[in-house]
Amino acid sequence: QAVPAPKDAVTLTFQKEGFQINAVVVNNSTVTGQCQYDAVNTNGIIPERIDNFPIGAKQTVTRTYPAPPPLAEFHATVTCTGDFNGTSDEFGNTSTDVTG
């Protein structure tokens with residue numbers, strides 16, 4: 001019996017450190033792939049932030065970004081895709097809000 005492709009195998013959390021935030025992305029699957037971080041300011045004043053990065057199987061990646069200014073809120077999404085049995089597969093898609 002074929003093993004199904006992993007889904008929802010990525011988590012995203014934030015750790016604030018002064019004027020920066022660390023986005024911690026954890027891949028709980030056995031798939032290696034490429035992730036895209038997309039943070040959109042909910043009031044539309046601050047430009048969108050997009051970042052692409054690789055992630056290994058069962059790996060944690062930490063990316064550092066400028067922290068949102070006080071009272072600003074961003075909706076951050078991470079989407080990860082990779083090869084699973086010869087087919088491109090989205091094995092993670094998660095989002096959360098982060099405030100300044």
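**Exercise 1. Getting your bearings**

In what order do the elements of the chain run from the N terminus on? Then say how many helices and strands there are, and what the overall dimensions of the C-alpha trace are.

*Solution.* Keep in mind that you're looking at a predicted model.
- Step 1: Follow the chain from its N terminus, and the elements read β-β-β-β-β-β-β.
- Step 2: Tally them up and you get seven strands and zero helices.
- Step 3: Lay the C-alpha trace along its principal axes, and the spans come to about 50 × 25 × 15 Å.
- Step 4: For the surface, the chain exposes about 5800 Å², with 50% of that supplied by carbon and sulfur atoms. Of its 100 residues, 36% count as buried.

**Exercise 2. Sorting strands into sheets**

Work out which strands form the sheet of three and which form the sheet of four, and find the edge strands of each.

*Solution.*
- Step 1: Some background helps here: strands in a sheet pair through backbone hydrogen bonds, in either a parallel or an antiparallel way.
- Step 2: The three-strand sheet is open, has the order 1-2-5, and pairs antiparallel. Strand 1 and strand 5 (60-66) sit at its edges, each pairing on one side only. From one strand to the next, the twist averages 20 degrees.
- Step 3: The four-strand sheet is open too, with the order 4-3-6-7 and antiparallel pairing. Its edges are strand 4 and strand 7, each with pairing on one side only. Here the twist averages 15 degrees from one strand to the next.

**Exercise 3. Reading the pairings**

How many bridges pair strand 1 with strand 2, and how many join strand 3 to strand 6? Pick out some partners along the way.

*Solution.*
- Step 1: Strand 1 and strand 2 (residues 20-27) share eight bridges in the antiparallel sense.
- Step 2: Check two of the partners in strand 2: valine 10 is matched with asparagine 27, while lysine 16 is matched with isoleucine 21.
- Step 3: Now look at the turn. This hairpin has two residues between its strands, and glycine 18 takes a positive phi near 65 degrees there.
- Step 4: Over in the other sheet, strand 3 and strand 6 run antiparallel and are joined by nine bridges. In this pairing, glutamine 36 stands opposite threonine 79 of strand 6.

**Exercise 4. Looking inside**

Which residues have the most contacts inside the largest nonpolar core, and which strand gives the most to it?

*Solution.*
- Step 1: The largest nonpolar core holds 21 residues, and the ones with the most contacts inside it are Val25, Tyr37, Phe53, Val78 and Phe91.
- Step 2: Two or more core residues come from each of strand 1, strand 2, strand 3 (33-41), strand 4 (49-55), strand 5, strand 6 (73-84) and strand 7 (87-99). Strand 6 gives the most, with five residues.
- Step 3: Zoom in on valine 78. Beyond its neighbours within four places in sequence, its contacts include Val10, Leu12, Val25, Cys35 and Tyr37.
- Step 4: Now try phenylalanine 14, which is found in strand 1 (residues 10-17). Setting aside neighbours within four places in sequence, phenylalanine 14 touches Ile21, Asn22, Ala23, Tyr37, Ala76, Thr96 and Val98.
- Step 5: Step back to the whole chain: among contacts between residues at least 6 apart in sequence, 60% join residues at least 24 apart.

**Exercise 5. Tracking down the salt bridges**

How many salt bridges does the count come to? For each, say which residues pair up and whether they are buried or exposed.

*Solution.*
- Step 1: The count comes to two.
- Step 2: In one of them, the side chains of aspartate 89 and lysine 7 meet at 2.7 Å, N to O. Aspartate 89 lies in strand 7 and lysine 7 in the segment before strand 1, so this pair ties together parts 82 residues apart in sequence.
- Step 3: Buried means under 20% relative accessible area and exposed means over 50%. Aspartate 89 therefore counts as buried at 9%, whereas lysine 7 is exposed at 52%.
- Step 4: The other bridge joins arginine 63 to aspartate 51, with the closest N and O atoms 2.9 Å apart. Arginine 63 belongs to strand 5 and aspartate 51 to strand 4, 12 residues apart.
- Step 5: Apply those cut-offs again: arginine 63 is partly exposed at 28% relative accessibility, and aspartate 51, with a relative accessible area of 15%, is buried.

Terms used: Residues numbered from 1 in each chain as written. Predicted model: local features only at pLDDT ≥ 70, side-chain atom pairs only at ≥ 80, totals over all residues. Heavy atoms only, no water. Contact = heavy atoms within 4.5 Å. Pairing = 2+ DSSP bridges. Axes fitted to C-alpha atoms, helices over the stretch in contact; angles between N-to-C directions. Core = buried A, V, L, I, M, F, W, Y, C linked by side-chain atoms within 4.5 Å. Buried < 20%, exposed > 50% of the residue type's maximum accessible area, 1.4 Å probe, protein only. Areas by Shrake-Rupley, 256 points an atom, 1.4 Å probe, with all protein chains shown as cover. Salt bridge = Lys/Arg side-chain N within 4 Å of Asp/Glu carboxyl O.
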